[in-house]
Amino acid sequence: NAEYGGFDEALHRRFEYKHSFKGPSLTDAAGKVPFWETSGSCLASPDYVRVTPSIRSKQGQIWNKLQYVGNNWELEFSLKVQGRGKIGADGMAIWYVQELPKRGGSVFGSPNNWRGLGVFFDSFDNDNKHDNPAVIAVVNDGTVTFDHGKDGKGQSIGSCIQGFRNRPHPTQVRLRYYQQTLSLEINPGLTNRESDFEACFSVENVKLAPGGFFGVSAATGALADDHDIQKFLTYSLFERTEQAKPLTDENKAKILSDYEKYDLQLEEKKKKFREKNPDKYSEEVEDEQNLFYKSLIDYQVKLSEKFDQLAGVMKEIVNVQNSGEDMSVIKSSVANLERLQNSMVRQIESTGAQMQSVITTLETVNKRSQGSERDFKTLSLALAAVQTQLKEIQNRK
């Protein structure tokens, strides 16, 4: 193996969502992974993709349906391989190939004689050399038949002996292809710490043609493991000094066309939903919601005005108390308070149950003011409570 040189964090990475998947919400409403296709025993769930279950002689595949057109890329993926026994089989493969396979095959669930790159997480020690589980990278021009009996020895361009079965945490892997150098780092899953990645291999002068397809496959044999992929993230790599090229008219037209198609598809889905669920959808739903929020804002403005008036009444009552004026003035202030309270109750009731606590407090103010006109302290405290609640309502949307 070539000496590992480490990953250059100075590179710029652009996330390629059409070549990626990640849980949760990994699948769409139809239970499929967007931009990917599953086959064989592969089953996608919202949280992960089970490429094969722990049943003997099974194969599963998940392939990205879109070609990757860049020259330099990085994959970040996490996998879990779990089985009941101390020894498992057969293993899992990460692929970058020139043609999408039309069927499964003998190389960890994918056909032999591929054109491109296969990175194998090989669980079973076929040659009894005690050097498995292992991670093995093989580049094939379509003429080489993978040698299972020797676990790919003499065919691999890079490898490392690394356990990944039955670990407490998912095995995290970073696979990078940049300027014809292929490098792999792995955290085998004993911990989930970022600092626990280890170098597996780094190999120069690896020639992979652009326009390939990414994929994952797995297979079981006489022994069987669950082979799960929890995330598969693809990034395009660029030098940070490279200037982004402006969009061409052709690219702009394509982006606009894609958006228009998406918009039409969305409208069509909405139309079908309305037809199938007339009791759950009304054409007036959105307008009703907008009117409700507008009405709520209007009520908040009006309540704010009433709040200012309440503050004025409370100040007037306090001034009367301090000056010792005639009780008729106090009665007049209390009457003003009652009229204001009735006005506010009518407005607040229109906003529904959310305002019920304010109505209750206003009714308490009215009872206390009628029962003891001289109990200004109680009245002031009650008004202060109303003032606080009104402020809370103002801040809610």
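Strands are runs of at least two residues that DSSP marks as E, numbered from the N terminus. In this predicted model, one such run is strand β10, which spans residues 134–141 and contains asparagine 140. Aspartate 141 belongs to strand β10 as well, and these two residues make a good place to begin.

Asparagine 140 has a relative accessibility of 4%, so it counts as buried, the limit for that label being under 20%. Beyond its neighbours within four places in sequence, asparagine 140 is in contact with Asn113, Trp114, Arg115 and Gly116. Its side chain also reaches a backbone atom: the nitrogen of threonine 143 lies 3.4 Å away.

Is aspartate 141 buried or exposed? At 52% relative accessibility, aspartate 141 counts as exposed, because that label is given to values over 50%. When residues up to four places away in sequence are not counted, aspartate 141 touches Trp114 and Arg115. Threonine 143 appears here too, since the side chains of aspartate 141 and threonine 143 make a polar contact at 2.5 Å. Glutamine 98 is 43 residues from aspartate 141 along the chain, and the C-alpha atoms of the two are separated by 9.7 Å.

The cysteines come next. How many disulfides does the model hold? The count comes to one, and this disulfide joins cysteine 160 to cysteine 200, with an S to S distance of 2.0 Å. The two partners sit in distant parts of the chain, 40 residues apart: cysteine 160 is in strand β11 (residues 158–161), while cysteine 200 is in strand β14 (residues 198–203). The torsion about their S-S bond is about -100 degrees, so the disulfide is left-handed. Cysteine 160 and cysteine 200 are both buried. Cysteine 42 is likewise classed as buried, because its relative accessibility is 10% and the label applies under 20%.

The last feature is found on the surface. Which residues form a nonpolar patch there? They are Leu256, Tyr259, Tyr262 and Leu266, which together have about 440 Å² of accessible area. One of them, tyrosine 259, lies in helix α1, a helix that covers residues 249–276. The relative accessible area of tyrosine 259 is 53%, so this residue is exposed, as the label requires a value over 50%.

Definitions and conventions:
Residues numbered from 1 in each chain as written. Predicted model: local features only at pLDDT ≥ 70, side-chain atom pairs only at ≥ 80, totals over all residues. Heavy atoms only, no water. Disulfide = S-S within 2.5 Å. Helix = DSSP H or I, 4+ residues; strand = E, 2+ residues; numbered from the N terminus. Buried < 20%, exposed > 50% of the residue type's maximum accessible area, 1.4 Å probe, protein only. Patch = residues over 30% accessible without salt bridge, like charges linked within 9 Å, V, L, I, M, F, W, Y side chains within 5 Å. Areas by Shrake-Rupley, 256 points an atom, 1.4 Å probe, with all protein chains shown as cover. Salt bridge = Lys/Arg side-chain N within 4 Å of Asp/Glu carboxyl O. Polar contact = N/O pair within 3.5 Å; in protein donor to acceptor, adjacent residues only side chain to side chain. Contact = heavy atoms within 4.5 Å.
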